[in-house]
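Biologist: I would like to go through this model and hear the grounds for each label. Please show it first.

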Amino acid sequence: MSEEWILRVTCPDATGVVHAVTGALAGLGANITESQQFSSPDSHQFFLRVHFTTPAPVSEADLETALAEAAARFSMTLGLQPAQKRTRTLVLVSKAAHCLNTLLFQQSAGQLPIDIVAVAGNHDALRPLAEFHGHDFHHIPITPETKETAEAQLRRLVTDLDVELIVLARYMQILSPDLCAALEGRVINIHHSFLPSFKGAKPYHQAHARGVKIIGATAHYVTPDLDEGPIIEQDVARVDHNRNIADFVARGQDVEAAVLARAVRWHAEGRVLMDGHRTVVFD
């Protein structure tokens, strides 16, 4: 009755870190099936992700005990999760359906290691899509006068549903700095890569008018600094003068949905480690 685990390690770069970790795991009889590492020349931090199996069931506390000496010696920050763990996820939406539709489909197809525990939106437009896939929809309307009350309702939803990850799937509301700080590292957003060149409404229309040749999208963690959180994933698609505005929007939405889904999957699989304001992604 073997068990599979994922271990993430962040620590100051030093000689012997990998040896210490693998030695501790070997002491448990563990078998390493995947290992990725990175030494940052900029921050002088070392990052390690190890996927391993144990010959018999073992608790997280037992693993932490086995790694305690190495963790103390190298000032490690450790992250442990069962490999089969599914991240409890709340998806926030407005009116655009493309990102939500991709997340719902990939989760139902077993392509995303998440459990979507609910969908919430400041508009009710996507309720039928969420309920078609068997998920509860919570309508939380927001106006400037009700924003504080709405965020309090959202906080209660996060607590009541034991939410581990929030995905802003084209959610057209700005989270308050207090809420961003409270949920640091647990909120992923998607936006078009035109920021800051094409701010505001209809970015694809602006891009078309300027004759751009590449459109794309960026998935990042949400911080109090609007659209400046650590980037997880980006991608682009080429366009040219033959493309009309509808083509721009369609191509852009395809990229947005794909980029967001990859970022969510990598986060849920423990493949994203923080390096200051940047991320290390073991894909």
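Modeller: What follows is a set of questions on labels and the values behind them. The model is predicted.

Biologist: What makes D227 a residue to start with?

Modeller: An unreviewed UniProt entry carries the annotation "active site" for D227. In the model, D227 sits in the loop between β10 (214-221) and β11 (231-238).

Biologist: Why is D227 called partly exposed?

Modeller: The relative accessible area of D227 is 30%. Buried means under 20% and exposed means over 50%, with partly exposed in between. The value for D227 falls between the two cut-offs, so D227 is partly exposed.

Biologist: Why does N189 count as buried?

Modeller: N189 has 10% relative accessibility. The cut-off for buried is under 20%, therefore N189 is buried. N189 belongs to strand β9 (residues 187-192).

Biologist: How do you know that N189 is in contact with D227?

Modeller: Contact requires heavy atoms within 4.5 Å. With neighbours within four places in sequence set aside, the contacts of N189 include D227, along with L168, T218, A219, H220 and V222.

Biologist: Why is V58 called buried, given that V58 lies in a loop?

Modeller: The label rests on area: V58 has a relative accessible area of 15%, and buried means under 20%, so V58 is buried. The loop in question runs between β3 (45-54) and α2 (60-74). Not counting residues up to four places away in sequence, V58 touches E3, W5 and L63. From V58 to M76 the C-alpha distance is 21 Å, with their positions 18 residues apart in sequence.

Biologist: What is annotated over residues 6-82?

Modeller: The unreviewed UniProt entry gives "domain: ACT" for residues 6-82. The end C-alpha atoms of that span lie 6 Å apart, and the span is 34% helix and 42% strand.

Biologist: How do you know that the radius of gyration agrees with a compact globule?

Modeller: For 283 residues, the rule puts a compact globule near 19 Å, and the protein has 21 Å, which agrees. Along the principal axes, the C-alpha trace spans about 60 × 40 × 35 Å.

Biologist: What else describes the whole protein?

Modeller: The protein has eight helices and 13 strands. Buried residues account for 46% of the 283 residues. Of the contacts between residues at least 6 apart in sequence, 67% join residues at least 24 apart. The protein exposes about 13,900 Å², with 51% of it supplied by carbon and sulfur atoms. There are 24 positive and 33 negative charges, and their mean positions are 7 Å apart.

Definitions and conventions. Residues are numbered from 1 along each chain as its sequence is written. This is a predicted model: local features need pLDDT of at least 70, side-chain atom pairs count only at pLDDT 80 or more; totals for chains, interfaces and linings use all residues. Side-chain values use heavy atoms; hydrogens and water are left out. UniProt positions are given in the numbering used here, feature names are shortened, and annotations may be inferred rather than shown by experiment. Helices (H or I, at least four residues) and strands (E, at least two) are DSSP runs, numbered from the N terminus. Buried means under 20% relative accessible area, exposed over 50%, partly exposed in between (1.4 Å probe, protein chains only). The radius of gyration is taken over C-alpha atoms; the globule rule is 2.2 Å times the number of residues to the power 0.38. Accessible areas come from the Shrake-Rupley method with a 1.4 Å probe; for residues, only the protein chains shown count as cover. Lys and Arg count as positive and Asp and Glu as negative; His and the chain ends are not counted. The place of a charge is taken as NZ of Lys, CZ of Arg, CG of Asp or CD of Glu.
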